[in-house]
Amino acid sequence: MDDAPLSDAAQIALGSLVVTQAVALSRWIAESGPRPLTPQQVLRRPDIPVAAAVIGVTVPEKPRTAADVLALNRPWSLALDTGLLRADGGTVTAGPAFATWPPPDPEILTAWLHGLLTVSGHETGSPWDDSPAVDILVFLTALQEAAAGVPLKDELIKQASELAERDALAATVFWPEKRIASTTERLASFGAIGGGEVTSLGRWAAERLRDKLAEPGAEELTAAELIAYLADCDEEERDEEAWAWLDAQPDPAEAARQLLTAGASMEPRLRWIAADVAGLLEEEALPVWREMTAVPGMGPHAKFALFTGGVGPEPDEGEWLWLAVESAMVALADKGPDEAVTVLAEVLPGEKLAADDLEHRLAAVRASDHPSALPLAAAIAEFVAAAGAEKLSVNQCLQLKVSLARWKPPIWRTVLIPATANLAALHLVIQALYGWDGDHLHLFRVRQATYSDPAFSLEETGDEYAMRVLAALDAGGGKITYEYDLGAGWIHEIALQKRMPREPGVDYPFCVKYSGDSPVEYPDYDSDEEEQPEPFDLEAVNRRLAALGNGGVLGGADLDEDFLSGLLDEPADWDNPASWDNINLEDAFDLPPALPPVRLPEEAELAAQARRSALLADLRALADKVRETTVPAAAVDPVLLRLAEEAELVNRDDEELVPGEDVGWLDDLADDGDALEAWEYAFAAVLDTTLEAADGSDPLVAEDLDLEEYGPALVTRLFLGWRNGVLTTELSDTFKAAATADLEAEEADGQWQEWVDAHSDPLRLLLGQLERLGAVSVTDDAVRLEPLGLHAVHSKLERDDLSVAVLPAPDKMTPADLVLVRMHGSDDDLDAELTAWADSRGEEQAARELLAFAADGNAVTRTAAIMIVSRLGQAAEPAWREALDRVELRCYAKPQLARLAGLDAEGTELPAELESHRADIAWLIADTFGPFSHFDLGQETFPFDFAELIRTVGELVKPDEAFEAMARLDHPDAEAVLTMIGKHASDKAIAKAARRAAYKASTRRAARR
């Protein structure tokens, strides 16, 4: 179909009754707020009259459910299908498509057709096959070709027969008048029929359906066509079609080569499919995987395939990170930003990051060399900014009621689990709740679908690892069932009671309520005496559940051990893995390459503090004492003794201590360098030996606790929170969880308490030594690194080739220093530093200096400096007014001045000097997208959205007009940005306009030479 008829068809789709009503419903939800849903994912009864009034339809007097009101359910189903609405966790909100509605013509047509097929499938009772598509094609073709005077019913039978004979499609010839009337009404409401004739939209739909239904079998496709085809298949169909294609290929290795070569240049979701299909060939594909290790786009997949097959080395950290970004991009494409965040939380665990939060995960993503890293991070950040971090599944939990079916009196358990858990995790939770021994098959039923462990190879059963509990409950209308022991048939009914925020510091899952004892799993039917069930023990059950959540299957690690498992591996072994000098902090804790700036005293002040260290005084006193008299080893604290031995201040002679080779090491610390060197040596020794010394004093106590490497982990965490310190409870919980991660819950508590009873709390013991050394300060609530500790960790990070800037005193700082804080620190860091810096020179002068720096900087530093100035409020007004004379700043100054004056930057009531022009918008676009124009984005396309940028400056300008203005700019990134948009914009009209402007910009640049 030509562009003009295509555009006409799209306009009819947008103006159709059902689409208009679907948009109206979305606008109502967006403006009035979320609405509760029934388990069937429709509005509750009180909202039915309101929704009907919104779209102008009438409803029966007492509707049983909203699904029974056809005039309401049809646009409701379309809105959900197209993303105008989003049903999640028992509520409905405006969907992601509403914010950008209407989409470009091709996208609206695709969404319209998919919605028509979905609604038709539900209304005709055939939502799972091609029947709706065949019926619509028959009807539209019959209506177009019916001769004058020939009843439509006769033409329908004729077209159905011909379609069945010609294309072997199961087209029904049963067309009663009632069915003809309902189909006519439905197609008319969608705009496919108008005035008794097929519209251009209907003709487009018939043409598209004819092509879709006539697609060749998978075995006839090229590798590239197969990958694209499989992307539209469900999981079961995908495997069948993939094997059909593979079986038809004469050479399995060549088939793998074609798949991987085609997939290498595709977008992540298609590339992942290509790798999956090649993986089906197992050993036959190994030679091709080896060929692919150096191929861009497929190399990390190849390394992973060879590693998991046991025939290749483990991918390096960069390749694991690349695969993590790839998997999150697949999740983004398949299920949206929330699932992408969940995948990142699974494959980038907290212990591999500077902090276990989204901000640090996105920092890791941005540090990847994956071409989609920046778009992924941007998509997630935009989603979180709009939806709120508290709404993310990773920050939510589900309250489920798990009941044994058909049991009197009732037996049930109420349990809280992470909202990100999958069915495989829920299986383990139910096993713990009911005390089953796990020796039998199990499966979940979600309406007509079933899920189980793929290792069972049950027919027509989906992968329980790939289905999240929340998605299953949504598909099941809020309820699903779990059957354990398919012979005995223990049926469990699982109902979602509510979704709620996760509580900080709470271990999930845990059981909150119960009724009844668990039945005897293996009753003795030959016994005359009835066996009594074991009484339900809530505490014991929660200990078993805690073992699942605390570093176990629900603790953030992916249950599928074949899925990016290397990301969860421990760091490489060293000769002494706990050694401060040997450990690499970046590798061990997956730190980003640049960390927030810190402030340190001068060396002389640090040296003076080192000389005042109480622990160094203790060591010096012990060295003096052994030089004067005999000292029994048993009379010295074992932790202090281990330090003294490590420093060779003392040696053992049987049960006594004698001077060591360096007994005079601490005698003269007058030189600043010597004092700091001695202190840093003691700092490393404290981290390396404190817990080991206590543990070694009684090696039979709590021998299964793992206390290695937590000294370095502790001070690294404190360094990252240097400004405000870290809560003692957070450190304590983390410390205990890490030390007992490999133990069962009951054993973990026992061993921990045994160690505490023998040596005191290990965290308090280590902090006590560090505090006595002068490295930390400890209060009841928090722990904070002191300047000496900050200096020691900073020096270590620099030795590990990490960038950590040191800030000068506030009055000596420059705008560049503040920008560093803005780019790498937290909002609290920036507020503290900006306040101190502005106090040293006045807020008005601070604004002038920052704007001067912004004008002379690049796009990244300029936008950072602009955001800092905006925090100064009214005091910056004179500087903003002066900035109107700088082309680099004008686009920022105008809306800021309007805001400070209480004017609407988006309105029309602006003074002439504050009205934005095309050149302002052009500069803003170049600044915003300039940093991305220097990255290799591969073949990806993106929906470049200029609406928000244009809104901030209040000028309505079409993209092509802004591009023309960019071509005339003296902005260093303008041409590169236009080239990037021309290559990667998903909207063809925007891409074309950008390419045209990029050509003009290059011509202008050449003319200036």
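**Strand pairing, core and helix packing in the predicted model**

Within strand S12, Leu496 is the bridge partner of Leu400. The model examined here is predicted. Leu400 and Leu496 belong to a pairing in which strand S6 (residues 396-404) and strand S12 (residues 490-501) run antiparallel, joined by 9 bridges.

S12 also pairs with strand S11 (residues 479-484), again in the antiparallel sense, over 6 bridges. In this pairing, Glu483 has Ile491 of S12 as its bridge partner. S11 and S12 form a hairpin, with 5 residues lying between the two strands. One residue of the turn, Asp485, has a positive phi of about 65°. S6 is further joined to strand S7 (residues 412-418) by 7 bridges, and these two strands run antiparallel. Here Val402 stands opposite Arg413 of S7.

These strands are part of an open sheet of 8 strands with mixed pairing, in the order S10-S9-S8-S11-S12-S6-S7-S13. Strand S10 (462-463) and strand S13 (510-515) each have a single partner strand, so one side of each is left without a neighbour in the sheet. Helix H21 (residues 423-434) packs on the sheet and touches S6, S7, strand S8 (442-446), strand S9 (449-452), S11, S12 and S13. The direction of H21 makes about 140° with that of S7. In general, strands of a sheet pair through backbone hydrogen bonds, in either a parallel or an antiparallel manner.

The largest nonpolar core contains 78 residues, of which Trp679, Phe683, Phe719, Leu770 and Leu797 touch the most other members. The helix that gives the most to this core is H28 (residues 672-697), with 13 residues. When residues up to four places away in sequence are not counted, Trp679 touches Ala610, Ser613, Leu616, Leu773, Gly774, Ala775, Leu788, Gly789 and Ala792.

Helix H37 (residues 859-870) was considered separately. H37 has 12 residues and reaches 16 Å from its first C-alpha to its last, close to the 16 Å expected at 1.5 Å a residue. At the start of H37, the backbone nitrogen of Val860 lies within 3.1 Å of a side-chain oxygen of Asn858. The buried residues of H37 are Ala859, Thr861, Arg862, Ala864, Ala865, Ile866, Ile868 and Val869. These buried residues pack against helix H34 (815-824), helix H35 (827-841), helix H36 (843-856), helix H38 (877-883), helix H39 (887-900) and helix H40 (918-929).

Key: Residues are numbered from 1 along each chain as its sequence is written. This is a predicted model: local features need pLDDT of at least 70, side-chain atom pairs count only at pLDDT 80 or more; totals for chains, interfaces and linings use all residues. Side-chain values use heavy atoms; hydrogens and water are left out. Helices (H or I, at least four residues) and strands (E, at least two) are DSSP runs, numbered from the N terminus. The expected span of a helix is 1.5 Å times one less than its number of residues. Buried means under 20% relative accessible area, exposed over 50%, partly exposed in between (1.4 Å probe, protein chains only). Contact means heavy atoms within 4.5 Å. A polar contact is a pair of N or O atoms within 3.5 Å; within protein, one must be able to donate a hydrogen and the other to accept it, and residues adjacent in sequence count only if both atoms are side-chain atoms. A nonpolar core is a set of buried Ala, Val, Leu, Ile, Met, Phe, Trp, Tyr and Cys residues joined through side-chain atoms within 4.5 Å. Two strands pair if DSSP finds at least two bridges between them. Axes are lines fitted to C-alpha atoms, for helices over the stretch in contact, and angles run from 0 to 180 degrees between N-to-C directions.
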